Amino acid sequence: MTTTVQSPLLPDQRLALIERARLSVLEARDSAPSPWLAAPIERSWRRCLAMGQDPHQRVAFEPVSASAMRQALEASQPLIQAAAPVIRSLSRAMVHTRYFAILTDARGTVIDVDGPVDRNNPRAAAIARVGVDLSERAVGTTAIGTTLTDHEPVWLHRGEHFCHDNGAFSCAGAPIWGPDGHCVGMLDLTGVDVAEQPALKHLVAQSARSIENALTLAQPHALLLRLQWPGRWMGEESTGLLCLDADGRVTGTNRVAADMLDLASSDSTTHAESLFAVPLGALWDAARASRAPMELPLWSGLRLQVQAQLSHAAREGSTHRLPLRDMESALIRKAVD
């Protein structure tokens, strides 16, 4: 039995298929799904048409008002600080590609830019400015507007942008989720008149997860739980982070932990003992003993690897103790309750 491996499209073939999609969806207004276009991009095109946008309209890349810019920057300080080291590290991966990074808030307002922006190129200079509104309503389909609407990583190349004016751009985008379970912004990697780099979709998604982890770790907490499924490596990309205060209430999670624990959002009403079928004291004892990851049951019947770690303040003087020898009897009492 032989397996046929499909060869990747040549650059000219790729652009030809994009042009066919534009003629079908944007010019002929064909309502049938386009076979030449990724579904998130087609949905964005149709949203733009529904808003009354014209693919041939001029794109000005206007900034938001001064007051709106100040508000966006002030509200986004935790995101900007968490993203800064991650964005700087991207330059190593993209050093010879002429792509640069754009960070926006949840409304699509640029709050940070980093990388080799060619300020002599008017297209690059137009979008790589703090305060510019790059939302879908303002500039049509881009990785930014598509990501912030669908909340999924996306790759767009040249004519896949709704407006003809934006046909020089190629970009990848991924959403960034805050510790409360809500989208706080997105990370975009953009190039102007550059070769297509679909692998940047993976890079931007991985970088967004690193930013989410930094946001979670910055939350006030007394106890940090690292979560992983049994048999899996406790590595950065796929590890859940759950922050607890001294009383065991959840103060923040990353997206991985939220998915593992089936948490739509996290707030102070969620308690560790409503998630794990063990007493809180057992987690504190494990953290004090710096134990290796241990398998713990959830009330759903599933089990997770859990590694508990005390915050610096908790190491200084916590009084939450439960002798490990009492763990079994405590579990029995809790099960009966």
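**Buried residues, a pocket and a cavity**

Trainee: Does Thr-142 count as buried or exposed, and at what relative accessibility?
Mentor: This is a predicted model, and the values here are computed from it. A residue is buried under 20% relative accessible area and exposed over 50%. Thr-142 falls under the first cut-off and therefore counts as buried, with a relative accessibility of 10%.

Trainee: Which residues is Thr-142 in contact with, leaving aside its neighbours within four places in sequence?
Mentor: Thr-142 lies in a loop, with helix H6 (136-139) on one side and helix H7 (143-150) on the other. With neighbours within four places in sequence left aside, its contacts are Leu-134, Leu-156, His-161 and Asn-166.

Trainee: Which elements give two or more residues to the lining of the largest cavity?
Mentor: Two cavities of 30 Å³ or more turn up in a search of the whole structure, and the largest has a volume of about 100 Å³. Thr-142 is one of the residues that line the largest cavity, and Leu-134, His-161, Phe-169 and Asp-188 are also among them. The elements that supply two or more of the lining residues are strand E4 (169-177) and strand E5 (183-192).

Trainee: How many residues of the lining of the largest cavity are nonpolar, polar and charged?
Mentor: The lining includes Ile-102, Ile-127, Val-139 and Cys-171, as well as Thr-190. Sorted by class, the lining residues are eight nonpolar, three polar and one charged.

Trainee: What is the volume of the largest pocket?
Mentor: The lining of the largest pocket has 22 residues, and Ala-72, Ala-75, Ser-76, Asp-105 and Val-184 lie nearest its centre. By class, 13 of the lining residues are nonpolar, six are polar and three are charged. The volume of this pocket is about 460 Å³.

Trainee: Which helices each supply at least two residues of the lining of the largest pocket?
Mentor: Ser-76, one of the residues nearest the centre of the pocket, is found in the loop between H3 and H4. Both of those helices are on the list, together with a third. The helices are H3 (66-75), H4 (77-93) and H8 (200-217).

Trainee: Which residues does Ser-76 touch, not counting residues up to four places away in sequence?
Mentor: Ser-76 counts as buried because its relative accessibility is 7%. Its C-alpha atom is 9.4 Å from that of Ala-106, although the two residues are 30 apart along the chain. Not counting residues up to four places away in sequence, Ser-76 touches Asp-105 and Ile-111.

Trainee: How far apart are the end C-alpha atoms of H8?
Mentor: The buried residues of H8 include Leu-200, Ala-208, Glu-212 and Thr-216. H8 has 18 residues, so at 1.5 Å a residue it should span 26 Å. The distance between its end C-alpha atoms agrees, at 26 Å.

Trainee: Which elements do the buried residues of H1 pack against?
Mentor: H1 covers residues 11-27 and should span 24 Å, which agrees with its end C-alpha atoms being 23 Å apart. Among its buried residues are Arg-14, Ile-18, Arg-22 and Leu-26. The buried residues of H1 pack against helix H2 (39-50) and strand E3 (154-157).

Trainee: What percentage of the residues of the chain count as buried?
Mentor: The chain has twelve helices and ten strands, and its accessible surface comes to about 16900 Å². Carbon and sulfur atoms account for 53% of that surface. Of the 337 residues of the chain, the share that count as buried is 48%.

Key
Residues numbered from 1 in each chain as written. Predicted model: local features only at pLDDT ≥ 70, side-chain atom pairs only at ≥ 80, totals over all residues. Heavy atoms only, no water. 1 Å grid on protein atoms, 1.4 Å probe; cavity = no way out; pocket = protein on both sides within 12 Å on 5 of 7 lines; lining within 4 Å. Points joined across faces, edges and corners; volume = space filled by probe spheres on them. Helix = DSSP H or I, 4+ residues; strand = E, 2+ residues; numbered from the N terminus. Nonpolar A, V, L, I, M, F, W, Y, C, P; charged D, E, K, R; others polar. Buried < 20%, exposed > 50% of the residue type's maximum accessible area, 1.4 Å probe, protein only. Areas by Shrake-Rupley, 256 points an atom, 1.4 Å probe, with all protein chains shown as cover. Expected span 1.5 Å × (residues − 1). Contact = heavy atoms within 4.5 Å.
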